[in-house]
Each structure stands twice: as structure tokens, then as C-alpha cells.
Amino acid sequence: QFDPQQWNNRNTIVHLFEWKWDDIANECENFLAPKGFAGVQVSPVNENVIVYDRPWWERYQPLSYKLVTRSGNEKQFADMVRRCNNVGVRIYVDVIFNHMAADNSHAVGTAGSRAVPETKDFPAVPFSSWDFHPSCDIYNYNDPNQVRNCELVGLKDLDQGKEYVREKIVEFLDHLVELGVAGFRVDAAKHMWPADLDVIYKRIKNLNTQHGFAPNSRPFIVQEVIDLGGEGISKYEYSDLGAITEFRFSAEIGKAFRGNNDLKYLRNWGEEWGFLESHKALVFVDNHDNQRSHGGGGNDILTYKQDKNYKMATAFTLAHPFSITRIMSSFAFEHSDQGPPQDSQGNLLSPVIYSDNSCGGGWVCEHRWRQIYNMVGFKNQVRGTGVNDWWDNGKNQIAFCRGGEGFIAFNLENYDLNKEFQTCLPAGTYCDVISGDKNGSNCSGKTVVVGNGGKANIYIGAKEYDGVLAIHKGSRL
Ligand code: AAO
């Protein structure tokens, strides 16, 4: 359950946080497939409680497993999965089965279901108090029993040790597999017992061959386990069951590209930093929680708000061979509870797409930033190569090649980088895919002339808009 089941000319999952299914289907066809993205993580698909003022986090409070949310209904979801699979973009669903909704005096859901969370009565599943752990609070993350048997922020805690609960969860996951999804992000996995998850994961059906998956393919599983060290539960308790969200990566990359840890140390980036093995880790610069100070990662997390550093951190993430990569695609927010762009009735709004690829209407669309989507292209180009010809200035300027396929340099100093480098590329003129796009034989950004022997002069001014330069075989003019 470690294989993300992606097409082999694709890479990277984009989390289209709070997007509508119809919009995602269009995005797969119009943008993600042409740019080489491999998949989309979608917001929770099953019915959630409606919370006053419609914060984003209401979607993490399930009322039933009906596929009706503000993003769309089951038909729209199924249609999206079909259209995305047709163009080689996989869908991964954020699934919440640790818990149901928390206390709420008028629990009405997005599919119209009613529930009484106080008495643990969720008739639309149905679940009753028998299916839950007794109520208690989590206040000590050093106590694994408490973390797994008590209620995360008051959310009614399902007991996955019960056969009936397992059946309902597997039924829900199987339904999504039938509709053609490639896998799941398992929310709050740390709050469930590994042995119970093992049973559930093993029971899920094989992926649907009618959506282009090979016979006997297993769903990809990535488990949300926040482990920055020093707590009672370790990611290694889960890492044989499926991949893990590697929060340590997020914390360390933020620290480095904020200038709080020299870039030269990134030379041995990967497992030596305490990260999980490459094929077991899902990595990201930020996620929907830690970009707004929920969940783990601390103050070093970079987000779209620190755009120059964020693009550099993302470029490094995508330039480096380590792990399965995920890009956050956000809506703009001022405060941490703020909901996504919506009208006065609470209907989600579609992103507005501009001719320069960027978005508006309250959506940030980091995945549509040239510096980010062109690095997805870079990663596809350099597939199968390692890091070689590493160079650093002993501090915050670094550069390296990916085999003979690509070259990248970073300047986080407050002085210019201006130096001759071995780019490992054949002689020719190349378009820097950070400052511009290659269009036929034209480049809208900087060009780099590589001479015989692979040498080229590279310049990144300290005050430039971006602190990265990247060229690859596919950007040759
Ligand atoms: C909302 C309201 C609550 C209300 C509740 C019920 O905000 O006030 O009580 O409804 O009415 C999301 C939102 C929540 C929201 C919830 C339900 O984030 O605010 O509650 O929906 O609507 C823990 C979990 C992790 C979880 C994370 C947020 O382990 O699984 O909290 N993430 C997922 C989702 C998330 C969602 C849920 C789970 C629930 O991604 O969007 O919540 O479905 C330590 C622990 C972590 C723990 C954090 C958070 O982390 O290690 O496991 O995450 O604490 O408290 C440093 C440390 C790091 C530490 C961190 C924070 O970085 O190194 O280890 O500080 O202290």
C-alpha cells in the first residue's frame, strides 16, 4: 500500500484544498495533466456537520458516509474521478474514520442528515454509543492509550476494534475504490491503534481495473501521523502499514529556507535527517493545518505568505529525489478558522483562472505558480537520476545536478551568486524555468549558455524576484 499508483511520466500530488469536484475535473484536464502532475488529494468527500460561519474545519466532523459535501455530490465526485483518471491524474481522498462530529446542539449535515453527537447517535450510518470509546479528553500526548482511546478536540472517538465499526469503514473505503480513487490520506491515524488499521487496510478492495489500474493493485495509503520526536507514539509504529506524512521534513525545510539553518547542511538531505525511508514518506513544505498553526511543525513552517522563501523550499523539494511529494494549494486566509471562498449562502466559489495561469477569487493556487509547476516538469525530466556535483559556499548558496538531466542553484544570501558551474548538461542554450517559460525556441525568462564540458555562468542576484535558477534537458532552446 506504498505505491501511489501514478503514471510513470508524472509526479507530485497537489492538495486542492476545499475545491469543488467539477472544478477539479476541469483542472485535471486543462492544467494538471499537461503540466505533468500525478494526482490530487481532495478534501473530505463524505457528509460533515454544518458549522455556523462555515469554517474549513467543519469537513473534519463526519455525520455519515454519504458522498455529499460543499464540494459536490456523489455523481459529481464519480465524474471527476473518471475524468481525472482518463488524463492520468490520480485521486486520493482525505478519509476521516477516527471519529465523528463533536457536540453540537443542532447537528445537521451537508446531505441533510441529523445526528445527536452528545449521545453518540449518528443514525445516517448508523452508529450508536456502542460503537465509540467512552468520552475522555486528550491532554497528554505521551500516553498512547489516551491519544488513541480519548477524543481528539472533543470529536466522538470511534472504536475501530469493534467488528461493526470496521465493516462500516471498509464499506465506505470500498465504495470510493469502486468509484476509481487511487488511495487515501488517513486523517488522525495516530489516534487509532496500528493493529486495527492493519485489519482495515488489508480488507479494502483492490483498485478498480476499469479505471486503468493493473489487476491486484492495492490502494495507496498515507497516514497522518505527526511525529516530531519526544511523544509517546512513533511514526515507526505505522510505517509498515502504509506511507506516512513526514512532518519532520516540513519543519526542517522551513527552518532551512527561512535562513535558520544553513542550506549547506542539505547536502545529505533524506533519511540521515531522521526522515522515513524515501518510499514511505509523503513530504510537503506546508499542509492545510500547519500553514495556519494547527497540527505539528512549529513556527518555522513556510507558506504562500513568505512567497520567495516558499518557492525556494518548494523548488528544493521537487529538485531532490527524496520521497513522494505533495504541493499545498490554498485559499487566502487572514485568521485560522476562516472558511474557503463562498457566497452568502455558504456555497463554495470556483477559482478564477487568469491567462497567466494564476488564480484569483480568494484562491492562491500555489500549484499554478510558474516556479512551482515548472519544477514538477523538472522532476519528471530528471526521473531516475541521483544528486551529483553538489556545491555550496559554506553557507546559504547551493547548487547540484541531477545526473546529466538537470541543474539547479539557490541563493539565500544577501549578496549575489555569480559563478561558473558544472551543469552536467550538453552544450546549448537553456531556459531557466523559474524566471520564465520555454515556448518553442523562445524563453520568457533568463537564459543560460552551457559550453562544451557542461560549464556555464550562473547568476542569481540577491534582490531578484526569485532565489532559484533551474535548467534541464527539456528546457533547451
Ligand atoms: C474544531 C475546533 C475545536 C473544537 C473541535 C470540536 O477548532 O476548537 O474543539 O472542532 O468541536 C481540524 C481542525 C480542528 C477542528 C477539527 C474538527 O484542525 O481545529 O476542531 O478539524 O472540526 C493533532 C492530531 C492531528 C490533527 C491535528 C489538528 O494528531 O491528527 O491535531 N490533524 C487532523 C487534520 C485536521 C483536523 C483533524 C485531524 C480532526 O489534519 O485538519 O482538525 O479530524 C501535537 C501532536 C499532534 C497534534 C498537535 C495539535 O503537535 O503531536 O499529534 O495534532 O499537537 O495539537 C509542535 C510539536 C508538535 C505538536 C505541535 C502542536 O509543533 O512539535 O508535536 O507543536 O502542539
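This is a short talk on the ligand site, one disulfide and two backbone details of a predicted model.

I'll start with the ligand. Where does the ligand sit? The space it takes is the largest pocket. There are 26 residues around the ligand, and those that come nearest are Lys-190, His-191, Glu-224, Glu-231 and Asp-289. If you sort that shell by class, you get 11 nonpolar residues, 9 polar ones and 6 charged ones.

Now some individual contacts, each of them to an oxygen atom of the ligand. Asp-187 contributes an N or O atom of its side chain, at 2.7 Å from a ligand oxygen. His-288 also uses its side chain: a polar atom there lies 2.9 Å from an oxygen of the ligand. With Val-153 the contact comes from the backbone, where an N or O atom is 3.0 Å from a ligand oxygen. As for burial, the ligand on its own has 1,100 Å² of accessible area, and the protein covers 72% of that.

Next, the disulfides. How many does the model have? The count comes to 5. I'll take one of them, the bond between Cys-28 and Cys-84, with an S to S distance of 2.1 Å. Which hand does it have, right or left? The torsion about the S-S bond is about 90°, so this disulfide is right-handed. The two cysteines come from distant parts of the chain, 56 residues apart. Cys-28 is in helix H1, residues 21–35, while Cys-84 is in helix H2, residues 74–86.

Last, the backbone. As a reminder, most peptide bonds are trans, and most residues other than glycine have a negative phi. Here are two departures from that.

One is the peptide bond between Val-125 and Pro-126, which is cis, with omega at about -5°. Where is Pro-126 in the fold? It lies in the loop that runs between strand S6, residues 114–115, and helix H3, residues 144–149.

The other is Asp-53. This residue is not a glycine, yet its phi is positive, at about 75°. Asp-53 also belongs to a loop, the one between strand S2, residues 37–42, and H2. Helix H2 is the helix that holds Cys-84 of the disulfide I described.

That is the end of my part.

Terms used. Residues are numbered from 1 along each chain as its sequence is written. This is a predicted model: local features need pLDDT of at least 70, side-chain atom pairs count only at pLDDT 80 or more; totals for chains, interfaces and linings use all residues. Side-chain values use heavy atoms; hydrogens and water are left out. A residue is near a molecule or strand if one of its heavy atoms lies within 4 Å of it. A polar contact is a pair of N or O atoms within 3.5 Å; within protein, one must be able to donate a hydrogen and the other to accept it, and residues adjacent in sequence count only if both atoms are side-chain atoms. Accessible areas come from the Shrake-Rupley method with a 1.4 Å probe; for residues, only the protein chains shown count as cover. On a 1 Å grid over the protein atoms alone, a cavity is a set of points where a 1.4 Å probe fits but cannot get out, and a pocket is an open set with protein on both sides within 12 Å along at least five of seven lines; lining residues have an atom within 4 Å of a point. A molecule sits in a cavity or pocket if more than half of its atoms lie within 2 Å of its grid points. Ala, Val, Leu, Ile, Met, Phe, Trp, Tyr, Cys and Pro count as nonpolar, Asp, Glu, Lys and Arg as charged, and the others, Gly among them, as polar. A disulfide is a pair of cysteine sulfur atoms within 2.5 Å. Helices (H or I, at least four residues) and strands (E, at least two) are DSSP runs, numbered from the N terminus.
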